[in-house]
Amino acid sequence: MTFSDLGLRSQVVKAVTDMGFEQPTPIQEKAIPHLLKSKSDFVGLAQTGTGKTAAFGLPLVHRITSSQRFPKGLIICPTRELCLQIANDLKDFSKHEKSVTVEAVYGGSDIRRQMKAIKDGVAIIVATPGRLVDLIKRKAINLSEVEGVVLDEADEMLNMGFKEDLDYILSATPDSKSTWLFSATMPKEVAQIAKNYMTDPLEVSIGTKNQGNENIEHIYFAVKERDRYAALKRLIDFNPSIFGLVFCRTRRETQQVAEKLGKEGYSAEALHGDLSQAQRDRVMNMFRNRSIQLLVATDVAARGIDVDDITHVINYNLPDEVENYTHRSGRTARAGRKGESLVLINTREKYKIKQIEKKINQKFVFAEIPSAESICAIQLESMIEKVKETKVNESEIEKFIPAIIEDFADLSKEEVIKKFVSAEFNRFLDYYTKAGDLNAKLSDKEDAPPSKGRQGRNRREDTDPNKTRFFVSLGEKDGLNPGGLLRVICDATGLKSSSIGRIDIMPAFSFFDADKSDVDNILRKVSGAEFEGKRINVEVTESKKPSGNRRGVHGGSRGRSRGDNRGGGNSRSGRSRSRR
Ligand code: AMP
């Protein structure tokens with residue numbers, strides 16, 4: 001099958017041939033003939049990397065045959081990065097046609113310039129929802145002649161809260177238009193949009209519904225919470241030519257991981273919403289042109305990142321929403337390439353792997369965090385390869401060589417090699433010779449998510465007289481999750497994660513159980529510790545059961561427990577995020 005077999009006109013075929021596309025991808029093969037018809041609603045379930053931009057972009061360009069005063073085509077996508085990327089692709093697709101003009105309109109850039117471009121006449125608008133709504137309200141854009149609307153990454157747009165904006169935009173376009181919706185996943189909300197705004201859409205799904213890209217290998221590793229960062233470094237060190245995206249849960253965690261990596265000599269930068277647009281552009285450019293090897297990002301900031309050749313996605317922490325895992329992993333293995341999505345879990349998170357497997361309909365492979373020895377071997381090999389490939393600048397170095405040779409005259413070739421390798425490698429070797437095994441044992445019991453039943457009254461901690469329940473002054477609103485709290489406690493006290501019992505994360509505060517014998521240690525060291533820049537206060541609660549009447553170790557004079565006072569009853573309501 002060729003692009004001209006699909007019915008595209010010759011200038012469009014010429015443009016894709018110029019781009020080096022030889023054959024249509026499966027989504028293009030299925031979508032393009034249908035989208036070339038004048039009335040053609042369409043739902044495409046396709047991951048990024050499948051060639052979906054050309055699947056809608058080529059038919060849109062094909063449909064425009066003369067210069068336009070008002071837009072004929074409208075593409076709406078979630079982020080500025082994706083907006084620019086799509087606009088550039090469309091400019092490439094239409095490079096042999098003068099009448100097809102394309103303009104990207106997105107927030108954070110000069111609206112007047114965009115208004116002027118629109119006024120001059122644009123055939124295809126690529127827009128982010130917020131900015132487009134703004135333009136419509138200012139009456140700076142006339143959508144009455146739109147023939148085709150594309151909703152790209154519809155699931156992302158809904159995730160980001162653009163539902164109302166989309167409703168508003170769609171109501172400003174004519175009823176006669178075609179609507180083409182592309183989404184990696186099909187949650188209820190997206191299906192609802194398809195139902196509300198489309199008539200008899202052709203549904204094309206690349207792979208099974210909600211299935212991940214088969215070129216991605218999903219691998220998970222189990223570590224103790226406090227070893228998460230050390231494990232991340234091992235995964236990076238084990239893959240010396242990694243070009244990767246590291247996902248964290250919060251902006252602060254993202255910043256901290258990137259900073260730590262940077263300080264330790266890794267080529268890494270952070271990308272998150274606390275950065276200004278200019279800073280984000282700078283970081284993205286560095287990543288795109290490979291001046292950095294690792295981009296550490298939040299889910300939101302990484303939306304729309306469209307960089308080919310990403311070899312690894314590393315989930316430093318899993319996302320709260322299972323759907324987000326698909327978006328994360330889909331950043332690798334683009335355009336038919338292979339990629340790995342690596343996941344670090346603590347010993348209580350195995351159930352999350354099961355949930356994701358179900359969602360993506362693919363199995364994870366369990367692997368061990370590489371040993372110090374294997375990492376050293378790989379790093380040495382990589383260094384030797386680099387040395388062998390280094391080009392010698394003969395003319396420049398020539399004048400220094402006699403003196404250097406004289407300096408090394410007393411050493412054999414083997415000794416010289418050893419010294420050079422050591423000069424480069426000693427710090428690395430030192431770090432790893434001291435490093436132990438980071439793998440943590442997973443218990444089969446952890447296959448199921450925390451549930452009311454598992455937190456029931458008969459649980460050991462509830463009845464164990466050796467346990468004490470603690471109140472923590474931070475909660476979910478502060479970005480705290482069970483893993484994060486465990487990390488703080490273990491880091492501050494040196495306790496093993498196994499000595500911490502049940503954890504309940506409430507919206508504004510949290511609780512955890514620990515051995516009575518550790519009370520002093522915990523009160524002294526965890527109180528005053530910081531979580532993502534916020535100071536933590538820890539107290540012993542009076543009762544371990546929010547509704548119970550047993551007295552705790554401390555605080556007998558208070559009458560009511562913290563749990564009672566501050567909504568501890570919620571810990572069984574399912575609103576809290578619990579560990580176990
Ligand atoms: P997309 O899913 O639209 O983000 O496309 C992913 C990558 O595949 C981009 O780098 C495209 O340039 C490339 N691509 C799209 N269609 C084809 C094709 N038919 N042949 C080769 N590469 C393609």
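Author: Helices here are DSSP runs of H or I with at least four residues, numbered from the N terminus. This is a predicted model, in which local features need pLDDT of at least 70 and side-chain atom pairs count only at pLDDT 80 or more. Residues are numbered from 1 along each chain, and side-chain values use heavy atoms.

Reader: Which helix is Ile397 found in?

Author: Ile397 belongs to helix α17, residues 394-397.

Reader: What makes Gln23 a polar contact of the ligand?

Author: A polar contact is a pair of N or O atoms within 3.5 Å. A polar backbone atom of Gln23 is 2.8 Å from a nitrogen atom of the ligand, so this pair meets the cut-off. Gly51 offers a backbone N or O atom 2.8 Å from a ligand oxygen, and for Lys52 the distance from such an atom to a ligand oxygen is 3.3 Å.

Reader: How much of the ligand does the protein cover?

Author: On its own the ligand has 500 Å² of accessible area (Shrake-Rupley method, 1.4 Å probe), and the protein covers 80% of that.

Reader: Why does the ligand lie between domain 1 and domain 2?

Author: Domain 1 (4-205) and domain 2 (216-371) both give residues to the shell around the ligand, so the ligand lies between them. Those bounds come from an automatic or database domain assignment.

Definitions and conventions: Polar contact = N/O pair within 3.5 Å; in protein donor to acceptor, adjacent residues only side chain to side chain. Helix = DSSP H or I, 4+ residues; strand = E, 2+ residues; numbered from the N terminus.
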